[in-house]
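Reader: Hey, can we go through this protein together? I'm new to reading structures.

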Amino acid sequence: MPNFNMLRHALILLLCLTSSGLQADESIHSIKLAAEDNWAPYAEATGSGLSHALINSAFSRVGIEVDSIVVPYSRAVVMARKGIVDGVFNLIKEKSTQDQFIFGKQPLFSATTSFYQNNQAPITVENKWQLPAGTKVGIINGHEYGDELEKLKHLKIIKLSNHNQLINLLLLNRIDTAIMYDRVAQQYIDKMRVSSEIAPSFINHTGQVYLAFSKLNPQAKQLARMLDTGLTALKSDGSYQQIMRSEIKTARHVGINIQP
């Protein structure tokens, strides 16, 4: 007579193997991301930069291939919000973004923004709270500059599409000041050869920079956990520090904080 207990155990084992096979088939092997095109040295129009290096390396540690679409930042954010892509590069975690996206526990790095001035028309106050009413402040459309900026209702915010426009308007005194991420600003100031004309005046905000995931993706929380796992692996074997050092050496910068 057949041993029914053995048959029963064999059936259970077969079901488990089948289930494992299905899970393997359904596991995440690739991810589509929107990367901004105008935030050197973090993310450049060529699809390169510090953020690309960190994100690609972290996901490679957990077996995920990254497909990045390079578009203007505001479009990248909309694409992620609508679920067209799985995530978006370089979001600052603050009130305006926390409810709209899924974030992991680990930021890619932190970055500082400052108010920049035309040295021929310097800012005469010591901090942003002292800026007089009507001060024209240039920013990049869609970028995050900290929750406190919304409290400065008396300022006139001028939204522009790229850093070249921002710096040119500052040179022409069409705006009184501009808020820029320090390391990004230095890249464009050096490229435009205006380091003697444009300089930081005081710090605005330091924010944590993340790869943020679309809430419309049912696997968003899993992807966030996998990115955290990948970043932890990079930090454990020194690869994260090597990437950061390598990128720092490629650019001159001032007033920058890009600590993990």
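Reader: Let's start with Thr 97. Which residues is it in contact with, leaving aside its neighbours within four places in sequence?
Author: Thr 97 is in contact with Leu 91, Ile 92, Phe 103 and Glu 144, once those neighbours are left out. Contact means heavy atoms within 4.5 Å.

Reader: Before we go on, what kind of model is this?
Author: It's a predicted model, where local features need pLDDT of at least 70, side-chain atom pairs count only at pLDDT 80 or more, and totals for chains, interfaces and linings use all residues. Residues are numbered from 1 along each chain as its sequence is written, and side-chain values use heavy atoms, with hydrogens and water left out.

Reader: Cool. Is Thr 97 buried or exposed?
Author: Thr 97 counts as buried because its relative accessibility is 4%. The cut-offs go by relative accessible area: buried is under 20%, exposed is over 50%, and partly exposed is in between (1.4 Å probe, protein chains only).

Reader: And where does Thr 97 sit?
Author: Thr 97 is in helix H4, residues 95-98. Helices (H or I, at least four residues) and strands (E, at least two) are DSSP runs, numbered from the N terminus.

Reader: How many helices and strands does the protein have?
Author: There are 8 helices and 11 strands. The protein has 260 residues, and 45% of them count as buried.

Reader: Let's look at a strand. How much of E8 is buried?
Author: Strand E8 covers residues 136-140, and 4 of its 5 residues are buried, so E8 is largely enclosed by the rest of the structure.

Reader: Which strands is E8 joined to?
Author: E8 runs parallel to strand E9 (residues 156-160), with 5 bridges joining them. E8 also runs parallel to strand E10 (residues 177-181), and there the link is 2 bridges. Two strands pair if DSSP finds at least two bridges between them.

Reader: Which residue in E9 stands opposite Ile 139?
Author: That's Lys 159. On the E10 side, Gly 138 has Ala 178 as its bridge partner.

Reader: New topic: pockets. What's the volume of the largest pocket?
Author: The largest pocket holds about 460 Å³ of space. It has 24 lining residues, and the closest to its centre are Ser 96, Gly 142, His 143, Glu 144 and Glu 150. For the terms, we use a 1 Å grid over the protein atoms alone: a pocket is an open set of points with protein on both sides within 12 Å along at least five of seven lines, a cavity is a set of points where a 1.4 Å probe fits but cannot get out, and lining residues have an atom within 4 Å of a point. Grid points are joined across faces, edges and corners, and a volume is the space filled by probe spheres set on the points.

Reader: Which element gives the most to that lining?
Author: H3 gives the most to the lining of the largest pocket, with 4 residues.

Reader: What classes of residue line the largest pocket?
Author: The lining has 9 nonpolar, 8 polar and 7 charged residues. Here Ala, Val, Leu, Ile, Met, Phe, Trp, Tyr, Cys and Pro count as nonpolar, Asp, Glu, Lys and Arg as charged, and the others, Gly among them, as polar.

Reader: What about a cavity, what lines the largest one?
Author: Glu 36, Trp 39, Tyr 73, Asn 90, Ile 92, His 143, Glu 144 and Tyr 181 line the largest cavity. Its space is about 40 Å³, and the lining divides into 4 nonpolar, 2 polar and 2 charged residues.

Reader: Last thing: how many salt bridges are there?
Author: The whole structure has 2. A salt bridge is a side-chain nitrogen of Lys or Arg within 4 Å of a carboxyl oxygen of Asp or Glu.

Reader: Which side chain does Asp 237 meet in a salt bridge?
Author: Asp 237 meets Arg 61, at 2.8 Å, N to O. Asp 237 lies in the loop between helix H7 and helix H8, and Arg 61 in the loop between helix H2 and strand E4, so the pair ties together parts that are 176 residues apart in sequence.

Reader: And Lys 128, what does its side chain meet?
Author: Lys 128 forms a salt bridge with Glu 148, at 2.6 Å, N to O. Lys 128 counts as buried, at 4% relative accessibility, whereas Glu 148 is partly exposed, with a relative accessible area of 34%.
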